Amino acid sequence: MDRERSMFNGRSFSFSSLRIKNDKDTGFRQRGPRFYSSVRETSRKESLPEVNEVEAVVAVTSADPSGASGGPARLVQLRPTGKLNGEQPQRTVTKEVNGTECPPKPTEDDDGGGGRLKRISAMWSSFRRRKLAGDQGKESVIPEQAEPALVDQKAREQRYVSGQYFFEYLVVVTLNKSKQGVYEPQITYQFPKRDGMVRFQKEEEEKTLKAITLFCFPEGINWAPLTEYHSETFSFVLTEIDGSRRNGYCRRLLPHGNGARPPEAYCIISKLACFGLFSEIIDEVEKRWQVAKGAMIYPFMQSLREAPFPAPGHTVNIKSFIPGSGTEIIKLTRPLDSLLEHVNFATLLRCLTDDEVLVVFAAAVLERRIVFISEELSTLSQVIHAVVALLYPFTWQHTFISIVPEILIDVVMAPTPYLLGVQKRHLDLVTEQSDLLVVDLSEDKKETFVAENGDERTILPPKLKEEILQALRERKEKATVEELNRVVSEAFLPFFVKTVGHYAHYVTRDGSDQTGVFQKRSFYKAIESKTTRHFVKKFLQTQMFDLFIQEVELQQPGPQQGIFQKKIVEYQEKKKREKKTKTKKHCLVNVHCKEDRVCVFVHKGNIDM
């Protein structure tokens, strides 16, 4: 029981950090019974523009960590009035929610508690409507005269939410010696520093930063100063409680200096998945940190933070000054194929044979429990991300930890599907579990599959499996990353095109504006191949297909422009051409002969029209 409790406590703390959702309509941030508003009291020394009367309500309820109400909540009424006459807004505390009266300043439209609450309700609804309408309408609203720094911060957050920000955090994690004589990972530099946060925001940031240190140094060993250390770059994923994910890009290395010293790590947290691009950014961070530490990193990261995230195939130029080198222009280019910019299949194909890759793919498609074993953190992260990419257009929906810190090792006991990367020193703990696939990626391995269910090689339809193997054999021996990624993705994508590509024909709607309904039984019965139909019946039970088809049901009818949909159209047109050609090969040709006789010939070859 204690072991199970520690497992779930560890999981919720380290790889599923709580994210407070924003209410897009009201601007409030919610956590239990708390409500916070961005509306602030205007200074009495500020003059106001021309306005009509407007009221805003701020409800603040204190709560203890258990969620119970811990104090009275006040309804604060801001009622600015005036027409360019310099009149100041009146602030009136109307009533304590728990019934305690506050001395209100009398106004001509105060008509008792009931009237105030009715007015509050009406004005709140009006405030929401004007906010959704872009603050347009007959009533004008005083723009919040926020300080420039607050306005700038709000604009940056909007840009980041829209996907234009490069990153959320940059941290430098070092191993510092504690009073007990043990080296522990601690953050010694952070950009940006976030000020003005309320208590629960600070708590959530502390949890996130603590998780980052665990993933930068996941071994859980007693580190010691070193004279030699092999630098490695890897990535990990922080999964939010709502299922969204943030990517961590990390480089561990031995800092410059003389004598023995502990390694340190540079880590960037971003919602964007682009391993190659962020590896280049970490190159620049490393170069600047070695020269002048934070003094050199700050201007570079500030310029990067203000730069727009480039579109696929495009480049963004970042200006940066380095003493002794002058101003440099750093060019950051995204790959043209944005679907594979976070993937490098080379490591996967180096660690596993083609047949072994198909075994892993088969287990992942049916959402099995899979553990990858290696001592190299970069190998674990690259292989797991590559396996997830093979599932396109579907998305892995379950637990996904490319590098499992030692403190979270009990997650292997979870009964639900997962993809885990575990260092080889913990292999004995992993093999104690049953009903999972354990894949050894080490160079000195005795066998690739340390544990397996036994049916992985019979999951995929034989004909389609052979087509994938044939496509993989066509890759060049010295192909570039982009060339290899293209070959591998084009080898696996047709598998889903041929097995479930006809899904759109079995989503029915009562009207063009109605939600679709997927006809599951008719869908898999339409498949002619018995082995393919048997596989599809199992695949339909996975969560990844279920969520995929739910999105399809909610989409408006019409042609879709995704890569998967384009491949489906190409495949269907190819089948039509093949069917037409087959019909031509078995046609009857009438030939008129002499003496009023008709000779009929069966032509089995192609006919020139």
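**Close-up views of a predicted model**

**View A. Helix 6 rests on the sheet.** Helix 6 (residues 294-306) lies across strand 6 and strand 7, at about 55 degrees to strand 7. Helix 9 packs on the sheet too, touching strand 8 and strand 9 (245-253), and its direction makes about 55 degrees with that of strand 8. A few ground rules: contact means heavy atoms within 4.5 Å; axes are lines fitted to C-alpha atoms, for helices over the stretch in contact, with angles from 0 to 180 degrees between N-to-C directions. Helices (H or I, at least four residues) and strands (E, at least two) are DSSP runs, numbered from the N terminus. The model is predicted, so local features need pLDDT of at least 70 and side-chain atom pairs count only at pLDDT 80 or more, while totals for chains, interfaces and linings use all residues. Residues are numbered from 1 along each chain as its sequence is written, and side-chain values use heavy atoms, with hydrogens and water left out.

**View B. The sheet itself, strand by strand.** This is an open sheet of 5 strands in the order 7-6-10-9-8, with antiparallel pairing; two strands pair if DSSP finds at least two bridges between them. Strand 7 and strand 8 (232-239) sit at the edges with a single partner strand each, so one side of each has no neighbour in the sheet. On average, neighbouring strands here are turned by 25 degrees against each other, direction ignored. Strand 6 (residues 169-177) and strand 10 (residues 264-270) run antiparallel and are joined by 6 bridges. Pick out Thr174 and you'll find its bridge partner in strand 10, Glu264.

**View C. Two cis peptide bonds.** Most peptide bonds are trans, but here are two to check. From Phe191 to Pro192 the bond is cis, with omega near -5 degrees, and Pro192 is in the loop between strand 7 (183-191) and helix 4 (199-216). The bond from Tyr392 to Pro393 is cis as well, with omega near 15 degrees; Pro393 is found in the loop between helix 9 (377-390) and strand 14 (399-401).

**View D. Positive phi at Glu367 and Asp435.** Most residues other than glycine have a negative phi. Glu367 has phi near 55 degrees and lies in the loop between helix 8 (354-365) and strand 13 (369-373). Glu367 is buried, at 11% relative accessible area (buried is under 20%, exposed over 50%, partly exposed in between; 1.4 Å probe, protein chains only). Asp435, with a positive phi of about 60 degrees, lies in the loop between helix 10 (427-431) and strand 16 (437-440), and counts as exposed at 59%.
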